[in-house]
2 protein chains.
Amino acid sequence: MTPTIKDIAKAAGVSFTTVSRALNGYNDVNEETRKKIVRIANELGYSPNIAARSLISKKTKTLGLLLSGITRSSIKDNIAFEILCGMNDRAGELDYDLVLFNTTSQKQKMKSYKSLCMERGVDGVIIMGIRLDDPYLQEIVQSSIPCVLIDIPINEKNVGSVSTDNVSGSYTAIEHLIRKGHKNIGMINGHAQAYVSVKRLEGYRLALEENNLVFREEYVADGSFAESGGFENAIKLLSKHPEITAIFCASDLMAIGAMQGLKSMGKTVPDDVSIIGFDNIGLSSYCTPSLTTMNQNKYDMGYRSAQMLIDMLEGRHVHPHISLHAELVERNSVRPISN
Amino acid sequence: MTPTIKDIAKAAGVSFTTVSRALNGYNDVNEETRKKIVRIANELGYSPNIAARSLISKKTKTLGLLLSGITRSSIKDNIAFEILCGMNDRAGELDYDLVLFNTTSQKQKMKSYKSLCMERGVDGVIIMGIRLDDPYLQEIVQSSIPCVLIDIPINEKNVGSVSTDNVSGSYTAIEHLIRKGHKNIGMINGHAQAYVSVKRLEGYRLALEENNLVFREEYVADGSFAESGGFENAIKLLSKHPEITAIFCASDLMAIGAMQGLKSMGKTVPDDVSIIGFDNIGLSSYCTPSLTTMNQNKYDMGYRSAQMLIDMLEGRHVHPHISLHAELVERNSVRPISN
DNA sequence: CCCAGTATCCGAAACGTTTTCGGAATCGCT
DNA sequence: AGCGATTCCGAAAACGTTTCGGATACTGGG
């Protein structure tokens with residue numbers, strides 16, 4: 001059996017109360033006895049029972065991670081993984097552990113996020129990949145559990161958010177295309193239930209209008225962030241509107257799909273039509289042509305979100321909404337056109 | 001405050017013992033009272049305190065995940081992520097949660113894996129990405145904590161393993177090259193402290209010898225699973241041994257590096273030299289030329305490892321070593337040669 | 001020599017469950 | 001009516017820790 005505080009007490013000839021205090025660095029225990037206790041604890045290979053501890057302290061030093069999008073389909077664009085790496089690193093540095101809640105299994109259909117968190121006893125939770133219309137979003141946000149949302153800014157007590165500046169990001173993407181001489185610019189967006197999509201659309205529209213180009217409803221299509229969505233919508237867009245010379249895709253995966261779609265209809269990128277993506281996933285520098293895109297600092301998003309949540313938990317003041325800058329990375333899927 | 005079993009008892013007019021039994025499905029409680037109790041529990045939004053429960057039951061229903069390789073560098077080849085997805089799915093189905101231990105932070109330098117696991121109170125642990133010479137490998141394996149290792153078969157009580165059949169995998173890779181007419185086949189391996197590397201080398205050698213080709217020490221180099229390692233060693237190999245017409249790389253990432261290396265020295269793949277990889281990562285179908293490789297069923301590795309660990313924990317009999325089949329996926333990085 | 005103050009320690013309660021043991025009530029049967 | 005079996009429920013212990021409120025012994029000043 002693994003040794004407890006009582007075993008140490010017995011071996012040291014003191015009460016187990018004293019052992020507890022000695023190990024926790026209280027000052028009302030003699031330096032001699034403390035050393036003795038610590039020595040014995042090491043000899044016995046003692047490590048505190050976290051269940052007992054958190055039963056009384058009400059803290060578990062664990063962060064919950066709710067990722068709705070962690071499924072086989074999210075493997076190609078491993079954005080979730082990069083974010084997770086950042087989160088894991090920061091949490092580890094601050095001595096917290098991460099527990100994964102998988103919301104895909106059917107058990108979650110029955111159980112609310114909130115009771116899931118309470119049961120697991122996590123101190124706080126980070127949520128990513130959730131849709132705006134997810135019924136649980138409201139629930140979790142209004143519960144008293146501290147949480148930070150990736151990519152959904154919500155003003156509520158105990159909830160923070162981190163995302164990239166999507167409107168400025170897509171603004172610079174479009175501006176880049178315009179500088180290269182493009183005038184008829186299509187967009188393949190995600191879907192209306194993603195906050196990033198509405199923001200990226202906003203930036204697209206803004207950039208157009210500020211450059212005296214007209215925004216056309218029919219130039220934008222929803223590809224639901226899927227490679228196949230990019231494929232199909234690129235074809236649709238260019239069939240209906242052959243005057244389009246450039247497409248801005250709200251994700252790299254859709255951009256890659258779009259490139260394939262264009263290829264399938266005999267058009268070449270970037271000679272016939274330019275493509276610019278968003279995310280800068282690993283694939284984008286390896287596909288042909290390599291993809292010009294807006295880089296999102298995914299690792300940092302994770303890192304900062306863990307930091308923010310822990311700050312909230314430990315009572316430090318936080319600015320509840322962090323917005324990271326997205327910068328252009330130029331590759332070979334955009335070419336200038338003369339007009 | 002979140003309601004406890006006692007609050008329910010008070011509201012239902014029974015003892016809290018009865019509440020506990022009612023909620024846990026014991027048969028010695030009247031069906032009427034049970035319904036009443038369940039109703040009240042729902043009304044109050046009760047969910048059991050897991051710390052208290054696991055304090056007495058000694059089980060936490062959580063699996064620890066020790067991944068030594070989860071760092072920024074492992075983002076490109078997101079093998080770890082795919083495995084994690086499979087693990088997470090199966091664990092979720094069986095009502096276990098996953099907690100991530102990050103062994104990169106310095107706190108682990110002080111603390112042994114074993115005490116880390118004990119402290120966290122995980123029931124068992126899955127370990128991946130660990131090197132054979134990691135001093136903690138022995139420690140964890142000899143501790144009484146049930147664990148399953150990814151890619152390291154060890155015969156010890158309470159430890160299982162899952163990996164792909166690496167010798168057969170690399171055997172078929174080499175055989176494929178031989179069938180295509182290649183005779184001088186180089187290999188870029190990982191490093192000696194990876195079990196998979198010794199096995200893949202074994203398969204390479206075996207395939208050569210069984211086809212009456214001689215195994216040459218100087219035809220194999222270690223690229224330590226890095227893209228840069230593939231780049232440099234491909235150049236080295238072909239500079240010293242220009243007769244080589246095909247290279248087998250022990251990972252796709254190295255294969256991609258090798259392709260770039262060859263390109264940098266003016267050789268083209270597959271016309272001048274054929275490349276075959278191992279892993280079938282997401283990138284490999286998008287690079288140019290697309291990579292012929294041996295597919296590892298990464299998702300399944302995770303899925304099966306979670307399954308095995310939970311089987312062990314729940315006292316079911318398991319076959320301690322699972323070996324998954326690797327199949328060839330043909331793309332465009334190898335071409336037949338006539339001789 | 002006494003008293004206040006300090007250093008060091010201990011006992012007991014508390015956290016929210018599960019589980020064991022036993023008691024009371026009810027039932028069926030003779 | 002008597003008796004064993006069955007059904008339902010409660011009291012209490014246990015899990016390993018933290019923390020509160022003292023208790024003891026020693027110190028030095030008066």
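# Close-up views of a two-chain model with DNA

**View 1. A parallel pair in chain B, seen at one bridge.** Welcome to the first view, taken from a predicted model. D222(B), in strand 7 of chain B, is the bridge partner of N189(B). The two strands involved, strand 6 (residues 185–189) and strand 7 of chain B, pair in the parallel sense over three bridges. Strand 7 (220–222) stands at an edge of its sheet with a single partner strand, so one side of strand 7 is left without a neighbour there.

**View 2. The six-stranded sheet of chain B.** Stepping back from that bridge, we find an open sheet of six strands in chain B, ordered 7-6-8-9-10-12 and with mixed pairing. Strand 12 (327–329) of chain B is also at an edge with a single partner strand, so one of its sides likewise lacks a neighbour in the sheet. From one strand to the next, the twist averages 20°.

**View 3. Strand 8 of chain B and its two neighbours.** Strand 8 of chain B runs parallel to strand 6 of chain B, and four bridges join them. One of the facing residues here is I188(B), whose bridge partner in strand 8 of chain B is C249(B). Strand 8 also runs parallel to strand 9 of chain B, this time with three bridges. Here I247(B) stands opposite I275(B) of strand 9. In a regular strand the side chains alternate between the two faces of the sheet. Look for A246(B) and F248(B) pointing one way from strand 8 of chain B, with I247(B) and C249(B) pointing the other way; all are buried.

**View 4. Two helices lying across the sheet of chain B.** Helix 9 (residues 166–179) of chain B lies across strand 6, strand 8 (246–249), strand 9 (274–279), strand 10 (292–295) and strand 12 of chain B. Its direction is at about 165° to strand 9 of chain B. Helix 10 (residues 195–210) of chain B lies across strand 6, strand 7, strand 8 and strand 9 of chain B, and runs at about 175° to strand 6 of chain B.

**View 5. A sheet shared by both chains.** Which strands make up the open sheet of 12 strands? The order is 11(A)-5(A)-4(A)-3(A)-1(A)-2(A)-2(B)-1(B)-3(B)-4(B)-5(B)-11(B), and the pairing is mixed. Strand 11 (321–324) of chain A and strand 11 (321–324) of chain B stand at the edges, each with a single partner strand, so each has one side without a neighbour in the sheet. On average, neighbouring strands of this sheet are turned by 20° against each other, direction ignored.

**View 6. The join between the chains.** Strand 2 (residues 97–101) of chain A and strand 2 of chain B run antiparallel and are joined by three bridges. At this join, L100(A) stands opposite L98(B). L98(B) also has L63(B) opposite it, where five bridges join strand 1 (residues 62–67) of chain B to strand 2 of chain B in parallel. Helices cover this region too: helix 5 (residues 79–93) of chain A lies across strands of its own chain, including strand 1 and strand 2, together with strand 2 of chain B. Helix 7 of chain B lies across strand 2 of chain A together with strand 1, strand 2 and strand 3 (124–128) of chain B.

**View 7. The contact and its symmetry.** How many residues does each chain bring to the contact? Chain B gives 45 residues and chain A gives 44 residues. On the side of chain B that touches chain A, helix 5 of chain B gives the most, with seven residues. That side divides into 18 nonpolar, 17 polar and 10 charged residues. A turn of 180° with a shift of 0.1 Å along the axis lays chain B on chain A with an RMSD of 0.3 Å. This is the relation of a two-fold axis. The same surface serves both copies, with 98% of the contact residues of chain B recurring in chain A.

**View 8. The surfaces near the two DNA strands.** Around DNA strand D there are 24 residues, and T4(A), I5(A), N49(A), A52(A) and S15(B) come nearest. Helix 4 of chain A supplies the largest share of this surface, five residues. By class, the surface near DNA strand D has 10 nonpolar, 11 polar and three charged residues. DNA strand C is surrounded by 24 residues, the closest being D28(A), N30(A), I5(B), N49(B) and A52(B). Here helix 4 of chain B gives the most, with five residues. The surface near DNA strand C has 10 nonpolar, 11 polar and three charged residues.

Definitions and conventions: Residues numbered from 1 in each chain as written. Chains lettered and ligands numbered in written order. Predicted model: local features only at pLDDT ≥ 70, side-chain atom pairs only at ≥ 80, totals over all residues. Near = placed C-beta within 6 Å. Nonpolar A, V, L, I, M, F, W, Y, C, P; charged D, E, K, R; others polar. Least-squares fit on C-alpha atoms with pLDDT ≥ 70 in both. Contact = placed C-beta atoms within 7 Å. Pairing = 2+ DSSP bridges. Axes fitted to C-alpha atoms, helices over the stretch in contact; angles between N-to-C directions. Buried ≥ 20, exposed ≤ 12 C-beta atoms within 10 Å, placed from the backbone.
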